[in-house]
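Visitor: I should like to see how the terms applied to this model follow from their definitions. Please show the structure before we begin.

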Amino acid sequence: MTTPQFIQLYQHNAAAVAQELLQGLSAPQAFTSPKYLYDALGSRLFEAITELPEYDVTRNEAQAMALHTPAMIARLPSGACWIDLGAGNCEKAGRLLGAFSAGRYVAVDISVDFLRHALSCLQRQYPDLPMAGVGLDFSSGLSLPPALGLDPAQPRVLFYPGSSIGNFTPNESLVFLRQLHTCCGTAPGSGLFIGVDLLKDPAELEAAYDDALGVTAAFDLKLFLHINRLVGSDFSVRDLQHLSRFNPVQSRVEMHLQARQTLTVRWPGGERAFAAGETIHTENAYKWRVPDFGALLRQAGFASTEFWTNPAERFAVFWAQA
Ligand code: AVI
């Protein structure tokens, strides 16, 4: 059995994190980056969200992949190096690796410590598959470390499931997709395998981001417990309520936290007053139409695209050949 290689590139810079957060919280329309939703409790709450009746994104993607595996196998290069972006518990790739006969598996996530356990389990399942874990925050740019020793002659499959691309604006998506195109390298057959949640009824979308049990509200509110730890602020989650709104012009669901009454939040060296009803914008989830996302992939440099959906056509999985 081979053992996974681990490379940690992301270094937490407390001052830079605090500066970024406080800049957003001080803006006329206060905002925070969705990446801060995912501390240990946030990641568990997100896993719970994926089980909710209102949030079908994860189930629809799994259905689309399971249903079309033979057609996908026919397109994706065999023996490729799979590069799993935002691998988390490596569960999605774990389900596919057998079917797609990969030549190497590289899991990328912000923390290599988080990947350690998942990769060790996966290695037992695929004892002969060379594996590596890379700790990298690719939300602000993706370039893979030379220490990985990627073989330029081996095709690469970049795997970006879960519609995480939906948390970027279309412009940010284009920039990011261009970086992914570059990361595909030059070996023939390489490409990007990416999941995208599709535009649907606004009422259903709003419910998906504001479920009856209040799990998404807890996920959103808990962000401020994390922010209190990161910047020393004194947000009380009881002063805020969670909102989900569909913005038809931007084709996105917006999550906001709204001040229940006038409040002032303080942190070392500063403060911010919020009027009753004022909001902090915490996340966007863009919902795409298939032709628009295909066009975006081609604009990013991908030569050809193909897609498969679940039967209800609520989620699409694209294969974009570099
Ligand atoms: C991770 N990401 C794709 C989820 C989404 O649907 O935008 C995060 C999420 N936020 C609220 N519910 C789920």
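Guide: Buried means under 20% relative accessible area, exposed means over 50%, and partly exposed lies in between, with a 1.4 Å probe and protein chains only. This is a predicted model, in which local features need pLDDT of at least 70 and side-chain atom pairs count only at pLDDT 80 or more, while totals for chains, interfaces and linings use all residues. Residues are numbered from 1 along each chain as its sequence is written, and side-chain values use heavy atoms, without hydrogens and water.

Visitor: Why is Cys121 called partly exposed?

Guide: Its relative accessibility is 32%. Because partly exposed is the class between under 20% and over 50%, Cys121 belongs there.

Visitor: What makes Cys81 count as buried?

Guide: Cys81 has 1% relative accessibility, and the limit is under 20%, so Cys81 counts as buried.

Visitor: How do you know that Cys81 is too far from the closest cysteine sulfur for a bond?

Guide: A disulfide requires a pair of cysteine sulfur atoms within 2.5 Å. The closest cysteine sulfur to that of Cys81 belongs to Cys184 and is 11 Å away, so a bond is excluded. Cys121 is likewise in no disulfide, the nearest cysteine sulfur being that of Cys90 at 9.1 Å. The search of the whole structure finds 0 disulfides.

Visitor: What puts the buried residues of H3 on the same side?

Guide: Helices (H or I, at least four residues) and strands (E, at least two) are DSSP runs, numbered from the N terminus. In H3, residues 57-67, the buried residues are Val57, Asn60, Glu61, Ala64 and Met65. They cover an arc of only 130° around the axis, and therefore lie on the same side of H3; the arc is that of the directions from the helix axis to the C-beta atoms. Their cover includes helix H4 (69-75) and strand E14 (315-321), where contact means heavy atoms within 4.5 Å.

Visitor: Why are E7 and E14 called paired strands?

Guide: Two strands pair if DSSP finds at least two bridges between them. E7 and E14 are joined by 7 bridges and run antiparallel, so the definition is met. One bridge partner in E14 is Ala320, for Leu192. E13 also meets the definition, because 6 bridges join E13 to E14, again antiparallel. Opposite Val317 in E14 stands Trp308.

Visitor: What makes E14 mostly covered?

Guide: Of its 7 residues, 6 are buried.
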